[in-house]
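Reader: Hi, I have a structure open and could use a walk through it. Can we start with how it is put together?

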Amino acid sequence: MLRLEGLTKVYPTGDKALTDVTLEIPDGEVVALIGPSGAGKSTLIRCINRLVQPSSGRAILDGTDITALGSGGLRRMRRRMGMIFQEYALVERLTVMENVLSGRLGYVGFWRSYFRKYPQSDVDEAYRLLDRVGLLEMADKRADELSGGQRQRVGIARALIQNPALLLVDEPTASLDPKTSRQIMRLIRELCQERGLAAIINIHDVKLAQMFVQRVIGLTGGVVQFDGPPDALTGDVLTRIYGEEDWKETIRKVGDVDDDEDAA
Amino acid sequence: MSATPAHDLLSAKVGQPWKKPPLIRRAWLRWILLIGGLVYFVLAMASMEVNWMRVWEGLDRGRQFVLAFTDPDFTSRATDIREGLIESAIMTVTSTVVGIALSIPVALGAARNIAPLPIYLFCRGIVALSRALNEIIVAILLVAIFGFGPMAGFLTLSFATIGFMAKLLAEDIEDLDRSQAEAVRATGARWSQWINYGVQPQVMPRLIGLSMYRLDINFRESAVLGLVGAGGIGATLNTAFDRYEFDTAAAILIIIIAVVMALEYLSGIIRARVQ
């Protein structure tokens with residue numbers, strides 16, 4: 001379980017990115033984090049694995065206060081938190097396999113990783129994950145030869161091979177077409193269900209979020225404005241989060257069926 | 001409809017010609033810089049004296065030198081040339097390898113996005129020192145310490161390679177794609193693994209390209225360093241000039257040009273391959 005207690009981030013420029021964020025995410029729950037650009041969504045998930053250093057407050061994963069860890073402890077903790085990025089963030093000049101195996105860096109020593117001599121169990125798991133995301137035959141291609149959707153699948157495999165307890169997902173569909181976006185979101189949800197993983201997904205597409213998550217958190221100006229089930233997102237709520245607009249087309253109508261569910 | 005301020009602005013603009021704003025906005029400063037620059041240039045040109053009698057005599061020596069290229073003499077000093085070339089090759093390869101090996105840690109230290117400030121300043125200091133001191137000056141100092149011969153040349157070129165490679169490589173490291181590096185860090189990688197997976201793949205093409213480029217610079221420099229006693233083909237060339245053996249000198253220059261062009265061609269192929 002992840003618990004955030006009064007998490008606050010003030011950048012050196014004086015910008016308050018997060019103010020007193022307190023929330024709890026139980027194991028296995030997939031949460032969408034929505035809000036306008038600059039609301040602090042990216043900062044929030046980066047404060048959890050401390051790619052960004054929070055100014056105050058605590059982030060506690062399974063009883064360990066991440067904000068209090070030293071560098072060694074932080075590295076071991078990061079292994080428990082898989083991260084998936086907006087522009088995939090694969091190392092472009094490494095192969096697909098190297099990218100996936102890099103998810104094991106926290107578990108192997110330097111020389112093993114330097115000579116790419118990973119334990120057989122890691123290699124097997126990498127193959128299994130690539131097969132699961134449908135890219136087994138791409139294993140030895142260079143990452144920059146792949147399409148956007150394929151790259152994001154590699155990014156997902158890299159996060160999962162860490163054997164994480166929590167997925168931090170930063171706008172996974174922002175650079176993908178609508179169909180691929182749905183496939184990626186569906187894949188993330190399925191994998192979370194299979195492994196009982198909790199996930200926080202930053203996302204701009206409200207409708208897409210509603211289709212695939214159990215809970216939505218709305219962030220505005222670094223403050224939690226909304227926290228509830230996807231169906232509770234009304235036009236009024238979106239106006240509170242984003243400001244005045246006509247929201248009819250943005251939210252899923254009650255009774256909408258996930259007609260794409262079987263068309264994978 | 002009442003006219004808004006925006007509309008007033010528009011009606012003032014419509015019908016007016018448009019001109020690109022000048023680079024220097026203050027007109028007086030623009031003219032002072034322009035006229036001042038011109039005046040200085042004219043005065044500077046005028047201050048250079050030419051002794052036309054001396055040029056007339058020199059023309060003949062120049063002609064002999066150029067004519068020597070039509071009949072270069074590779075044979076009568078063949079042994080000297082061969083030994084000079086071997087010495088230059090040794091200097092070039094050893095100094096390139098040692099210089100690059102030393103420049104990589106300096107480059108990591110001189111990249112602001114990787115190194116903490118004290119290390120950054122220290123490594124930038126090394127780079128600045130290496131680049132401020134011209135090879136010839138370093139070579140004169142090292143010849144004074146180590147005596148004539150290729151040792152001084154090797155050390156000079158290694159030192160120069162560090163400054164050159166570290167500066168350009170550090171710039172490439174500072175330009176790297178942050179998200180790729182961030183993703184590797186997020187896996188729980190230690191610092192050395194982060195460098196190996198997040199940074200090295202991104203700068204590898206640049207490192208290989210620069211290394212090849214530096215190899216041919218070092219060969220060219222080895223020819224110049226011989227003039228101040230640091231060994232190599234330059235020493236042979238210097239001897240030929242001292243003896244007014246322009247045909248041998250021409251032969252040596254042709255060899256240097258050929259080697260540099262071959263290296264240039266080779267590095268072009270390699271750089272195209274690694275991209």
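Author: Sure. Keep in mind that this is a predicted model. Chain A is split into two parts: domain 1 covers 1–80 + 165–264, and domain 2 covers 89–163.

Reader: How many Å separate the centres of domain 1 and domain 2 of chain A?

Author: Taken over C-alpha atoms, the centres of these two domains of chain A lie 25 Å apart.

Reader: And how many residues are in contact there?

Author: Domain 1 of chain A brings 14 residues, which are in contact with 10 residues of domain 2 of chain A. On the domain 1 side, helix 2 (71–78) and helix 7 (178–195) of chain A each supply at least two residues. Helix 7 of chain A gives the largest share of that side, with 6 residues.

Reader: What classes do the residues on that side of domain 1 of chain A fall into?

Author: The side of domain 1 of chain A that touches domain 2 has 7 nonpolar, 3 polar and 4 charged residues.

Reader: OK, zooming out. How many helices and strands are in chain A?

Author: Chain A has 9 helices and 10 strands. Its radius of gyration is 19 Å, close to the 18 Å from the globule rule for 264 residues, so chain A is as compact as a globular protein of that length. The C-alpha trace of chain A spans about 55 × 45 × 30 Å along its principal axes.

Reader: What about chain B: how many helices and strands?

Author: Chain B has 11 helices and 0 strands. Read from the N terminus, its elements go α-α-α-α-α-α-α-α-α-α-α.

Reader: What radius of gyration does chain B have?

Author: Chain B has 27 Å, whereas a compact globule of 275 residues would be near 19 Å. Along its principal axes, the C-alpha trace of chain B spans about 95 × 65 × 35 Å.

Reader: How do people describe two packed helices?

Author: By the angle between their axes and the distance between the axes. Take helix 8 (residues 178–186) and helix 9 (residues 191–225) of chain B: they pack at about 165°, with axes 9 Å apart.

Reader: Are helix 8 and helix 9 of chain B roughly parallel or antiparallel?

Author: Roughly antiparallel, because angles over 145 degrees count that way. The crossing of helix 8 and helix 9 of chain B is right-handed.

Reader: Which residues of those two helices meet?

Author: From helix 8 of chain B, they are Gln180(B), Ala181(B), Val184(B) and Arg185(B). In helix 9 of chain B they meet Trp194(B), Tyr197(B), Gly198(B), Val199(B) and Gln202(B). By class, this contact of helix 8 with helix 9 of chain B has 5 nonpolar, 3 polar and 1 charged residues.

Reader: Got another pair?

Author: Yes. Helix 4 (residues 78–109) and helix 10 (residues 233–242) of chain B pack at about 145°, and their axes are 7 Å apart. Helix 4 of chain B uses Asp80(B), Ile81(B), Gly84(B), Leu85(B) and Ser88(B), while helix 10 of chain B uses Ile233(B), Ala235(B) and Thr236(B). That contact of helix 4 with helix 10 of chain B divides into 4 nonpolar, 3 polar and 1 charged.

Reader: Last topic. How many residues of chain A and chain B are in contact?

Author: 22 residues of chain A are in contact with 19 of chain B. Helix 2 and helix 4 (110–114) of chain A each supply at least two residues of the chain A side. The side of chain A that touches chain B has 9 nonpolar, 6 polar and 7 charged residues.

Definitions and conventions. Residues numbered from 1 in each chain as written. Chains lettered and ligands numbered in written order. Predicted model: local features only at pLDDT ≥ 70, side-chain atom pairs only at ≥ 80, totals over all residues. Domains from an automatic or database assignment. Contact = placed C-beta atoms within 7 Å. Helix = DSSP H or I, 4+ residues; strand = E, 2+ residues; numbered from the N terminus. Nonpolar A, V, L, I, M, F, W, Y, C, P; charged D, E, K, R; others polar. Axes fitted to C-alpha atoms, helices over the stretch in contact; angles between N-to-C directions. Parallel < 35°, antiparallel > 145°, perpendicular 65-115°, else oblique. Left-handed = near helix turned anticlockwise from the far one by under 90°. Rg over C-alpha atoms; globule rule 2.2 N^0.38 Å.
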